[in-house]
Amino acid sequence: MHSRTPSRGPAGAGPDADGPFSPELAAALSSARRRAGRGGDRHVDTAHLLHGLAESDPAVRAALGGPARLARVLGYLAQRSIGYGLRWQRTVEAARGAGASRAPARPAGTGWSPAAVAALEEALGRARARGAVRAGGTDLLDALVADPCCRAAEVLRHAGVLPAGPAAEAAPAGAACHAPGR
């Protein structure tokens with residue numbers, strides 16, 4: 001995934017049986033790409049990733065805390081095109097937080113925000129750290145939560161949902177992220 005990322009997205013982001021992502025995570029990434037395209041967004045960002053995870057991965061839905069909490073998260077994600085996320089339009093989500101230092105540089109227009117690439121890199125690292133061959137949806141969810149400045153973490157905070165897991169305990173609940181495009 002480091003230097004051979006095609007313009008369509010991170011390597012292994014498709015449903016490749018030998019790729020670095022579980023089938024559920026591959027489905028979530030495909031969903032995120034489609035959602036970004038339908039919304040006219042130039043980049044898949046972490047909120048798109050969170051939306052894809054919430055729709056595609058039962059383990060992520062369970063980690064979010066049940067139907068009521070999932071409904072709140074999906075409600076905020078659905079609102080992004082009608083008001084909540086309008087301030088995100090025409091801005092690229094920068095990489096900060098957990099995986100930012102390891103995120104490879106990506107030129108604008110590659111289709112994935114730097115924060116989304118950093119989260120995917122972090123998810124792969126988390127999977128490797130636990131001895132797994134493939135990253136799963138909860139690896140990515142933990143990576144998203146670990147970056148308190150990413151759009152997905154902002155959605156989770158606004159929805160009042162902080163999933164259980166290692167990253168949730170490490171991420172400051174009210175972290176201030178005062179940066180353009182956030």
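A helix crossing is called right-handed when the near helix is turned clockwise from the far one by less than a right angle. That is how H1 passes H2 in this predicted model.

Some overall bookkeeping comes next. The protein chain is built from eight helices, with zero strands, so reading along the sequence gives α-α-α-α-α-α-α-α. It runs to 182 residues, and 51% of them count as buried. Among contacts with a separation of 6 or more, 62% link residues 24 or more positions apart. The exposed surface of the chain comes to about 8,100 Å², with carbon and sulfur atoms supplying 55% of that area.

Back to the first helix pair. H1 covers residues 23-38 and H2 covers residues 46-56; their axes lie 8 Å apart and make an angle of about 130 degrees. The label for this pair is oblique, because an angle has to be over 145 degrees to count as roughly antiparallel, and 65 to 115 is the roughly perpendicular range. On the H1 side, the contact takes in Glu24, Leu25, Ala27, Ala28, Leu29, Ser31, Ala32, Arg35 and Ala36. Facing them from H2 are His48, Leu49, His51, Gly52, Leu53, Glu55 and Ser56. Sorted by class, this contact holds eight nonpolar, five polar and three charged residues. As background for reading such lists, an α-helix has 3.6 residues a turn, so residues three or four places apart point the same way.

H2 also packs against H7. Here the axes are 6 Å apart and the angle is about 60 degrees, and the two helices are therefore oblique to each other. Thr46, Ala47 and Leu50 are the H2 residues in this contact, while H7 brings Arg151, Ala152, Val155 and Leu156. The tally by class is five nonpolar, one polar and one charged.

H7 itself, residues 151-159, is mostly covered, with seven of its nine residues buried. Which ones are they? The buried set consists of Arg151, Ala152, Ala153, Glu154, Val155, Leu156 and Ala159. Arg151, Ala152, Val155 and Leu156 thus turn up both as buried residues and in the contact with H2. The cover over the buried part of H7 includes H2, along with helix H4 (67-79) and helix H6 (137-146). Just past the end of H7 sits glycine 160, whose phi is positive at about 75 degrees.

Terms used. Residues are numbered from 1 along each chain as its sequence is written. This is a predicted model: local features need pLDDT of at least 70, side-chain atom pairs count only at pLDDT 80 or more; totals for chains, interfaces and linings use all residues. Side-chain values use heavy atoms; hydrogens and water are left out. Helices (H or I, at least four residues) and strands (E, at least two) are DSSP runs, numbered from the N terminus. Buried means under 20% relative accessible area, exposed over 50%, partly exposed in between (1.4 Å probe, protein chains only). Contact means heavy atoms within 4.5 Å. Accessible areas come from the Shrake-Rupley method with a 1.4 Å probe; for residues, only the protein chains shown count as cover. Axes are lines fitted to C-alpha atoms, for helices over the stretch in contact, and angles run from 0 to 180 degrees between N-to-C directions. Angles under 35 degrees count as roughly parallel, over 145 as roughly antiparallel, 65 to 115 as roughly perpendicular and the rest as oblique. Ala, Val, Leu, Ile, Met, Phe, Trp, Tyr, Cys and Pro count as nonpolar, Asp, Glu, Lys and Arg as charged, and the others, Gly among them, as polar.
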